[in-house]
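Work through the exercises below with the sequence and the coordinates open beside you. Each task is followed by a solution that proceeds step by step.

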Amino acid sequence: MLGVQLPPSPSLTLGALSTNLSADRALQRKLVQQHLSSRRQHLTPGPRSVCQTAVTCLITDTAGRLRERCACAFVPSHSQKHNLRQGAAVSYQPTFGQRVTHQTPARCAASAVDQFGRSNDASLQSGMPAVLSNVQALYQFSRPHTMLGTFISICSVSLLAMGPGDYGSQAAIGLLQALIPALLMNICIVGMNQIFDVDIDKVNKPYLPLASGDWSLNTGISVAVSTGLVAVLLGLYIGSAPLLATLVGSLLLGIAYSVDLPFLRWKKYPVLAMGCILSVRAIMVQLGFYFHMQQALGSTRIALTWPLLCAICFMLVFSVVIALFKDIPDVKGDSQANVKTLSVRLGVKRVFWACIILLELAYAGAIGLGALSQVWWSKVVTVGVHFLLGAFLFRHAQQVDLQDAKSITASYMLIWKLFYSEYLLIPFFR
């Protein structure tokens, strides 16, 4: 953690304002210094590193009165860097009613201070940069690749439950009833994981809002609790037993996986961690949303079909791979936090190639099942596409540099893309 050293700041505005500020200037400086340090922001007397951004730091109270102003350099998060590039200000509120705003020097030169010590920058007064920053933080907090996976899987499984004459308003309503609470529950579950993984994420994923300091811990807790509560209430209101069971079951497993309480925090135990992901991604999602769509379409008969069983089997393998692969980019932070994942225990190379072999076996099984289909278009699509995906995966695996964190992370995101593509193929199993 780099230290913070704020230079002496000259008097800023009218003499009356300077008199009012002199009593609490030392306390304000100390509070802001501590906050900037906690966010890994720092002043540099010498040359800046490539990660730093030169900005002008404005510290105001809740009424917009300017309390401190200085030049500094800091390491912005992903969303902050985007705001600065667009010419916007980066603003957040540390404590005691103070707001810290970072601006590029050009923008700051264009803003003035009125006779009451308030900035006349309209965007700062309206709070628009803070709104945009919160939207971007929510986007990162929701872990968009998991949101996309939830969206595609629900749509795919719902299509699997629909017959030729079921494509109408009733099916659309049933799909929306599944998507809205499921996506809210997804935010809740990934949010819980970030709440209890702040220290680990500061090493592995410093761009996440809690790890970077874009959001306070209380904000993260509020978002996670509210989204989970709304999701469960929607499930109760809709009145679909399969949907409610899937939502509540996912929530309970998410709590068991992430929450650091006695007998919980299952992510520390590879078998239990894998069981959580398998149960949700491979079983609950397939069965819960399939039966929910059948119920929404007025069917009273609950039956396991051949395409549904194929989907469950294939997603079991994919879920195992995701459960193993997701820990590979996090080896450094997990080892420091004494989280003994399989990647920490066995090493990155062994776990990586175990995941590749499992996926190749799954593709081989899908090719075999497709070849047995009596429907010609199903046979062509399932055999041909799975062969191409398997060949592409093997070629990619040979080019991965297991010593490069970016290369490993890119491979992990490729696994998610293959996961998405498989849900697009599931409706073709006949």
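Two residues are in contact when heavy atoms of theirs lie within 4.5 Å, and the elements that cover a helix are identified on that basis. The model is predicted.

**Exercise 1. The overall fold**

Task: Establish how many helices and strands the protein has, and what share of its residues is buried.

Solution. Begin with the secondary structure, which comprises 19 helices and five strands. Next, take the 430 residues of the protein, of which 49% count as buried. Then turn to the contacts between residues at least 6 apart in sequence, where 71% join residues that are at least 24 apart. Finally, consider the accessible surface, which comes to about 20,800 Å², with 65% of that area belonging to carbon and sulfur atoms.

**Exercise 2. Two helices and their cover**

Task: Compare the span of α17 with its expected value, determine which of its residues are buried, and find what covers them; then treat α18 likewise.

Solution. Helix α17 runs over residues 348-371, and its 24 residues reach 35 Å from the first C-alpha to the last, close to the 34 Å expected at 1.5 Å a residue. Its buried residues are Val348, Val351, Phe352, Cys355, Ile356, Leu359, Ala362, Tyr363, Ala366 and Gly370. The cover over these residues includes α14 (306-325), α15, α16 (342-346), α18 (376-399) and α19.

For α18, there are likewise 24 residues, and the reach from first to last C-alpha is 35 Å, close to the expected 34 Å. The buried residues in α18 are Ser378, Thr382, His386, Leu389, Gly390, Leu393 and Ala397, and they pack against α14, α17 and α19.

**Exercise 3. The largest pocket**

Task: Describe the largest pocket by its volume, its lining residues and the helices that supply them.

Solution. The space in the largest pocket is about 1,500 Å³. Its lining consists of 49 residues, and those nearest the centre are Arg143, His145, Thr146, Lys205 and Tyr412. Sorted by class, the lining of this pocket holds 24 nonpolar, 13 polar and 12 charged residues. Several helices supply at least two lining residues each, among them α6 (128-141), α7 (144-161), α8 (169-195), α12 (241-258) and α19 (405-425).

**Exercise 4. The largest cavity**

Task: Find how many cavities of 30 Å³ or more the structure has, and identify which residues line the largest cavity.

Solution. A search of the whole structure gives four cavities of 30 Å³ or more, and the largest cavity has a volume of about 90 Å³. Lining the largest cavity are Lys267, Pro270, Ala273, Met274, Ala323, Leu324, Lys326, Asp327, Thr341, Leu342 and Ser343. Of the helices, α13, α14 and α16 each supply at least two of the lining residues, and the largest share, three residues, comes from α13. By class, this lining divides into six nonpolar, two polar and three charged residues.

**Exercise 5. The setting of Ala296**

Task: Decide why Ala296 counts as buried, and find which residues it is in contact with beyond its neighbours within four places in sequence.

Solution. Ala296 lies in helix α13. Because its relative accessible area is 18%, and buried means under 20%, Ala296 is classed as buried. Setting aside neighbours within four places in sequence, Ala296 is in contact with Gln170 and Gly174. As a last step, Ala296 and Ile173 are 123 residues apart in sequence, while their C-alpha atoms are 8.1 Å apart in space.

Definitions and conventions. Residues numbered from 1 in each chain as written. Predicted model: local features only at pLDDT ≥ 70, side-chain atom pairs only at ≥ 80, totals over all residues. Heavy atoms only, no water. 1 Å grid on protein atoms, 1.4 Å probe; cavity = no way out; pocket = protein on both sides within 12 Å on 5 of 7 lines; lining within 4 Å. Points joined across faces, edges and corners; volume = space filled by probe spheres on them. Helix = DSSP H or I, 4+ residues; strand = E, 2+ residues; numbered from the N terminus. Nonpolar A, V, L, I, M, F, W, Y, C, P; charged D, E, K, R; others polar. Expected span 1.5 Å × (residues − 1). Buried < 20%, exposed > 50% of the residue type's maximum accessible area, 1.4 Å probe, protein only. Areas by Shrake-Rupley, 256 points an atom, 1.4 Å probe, with all protein chains shown as cover.
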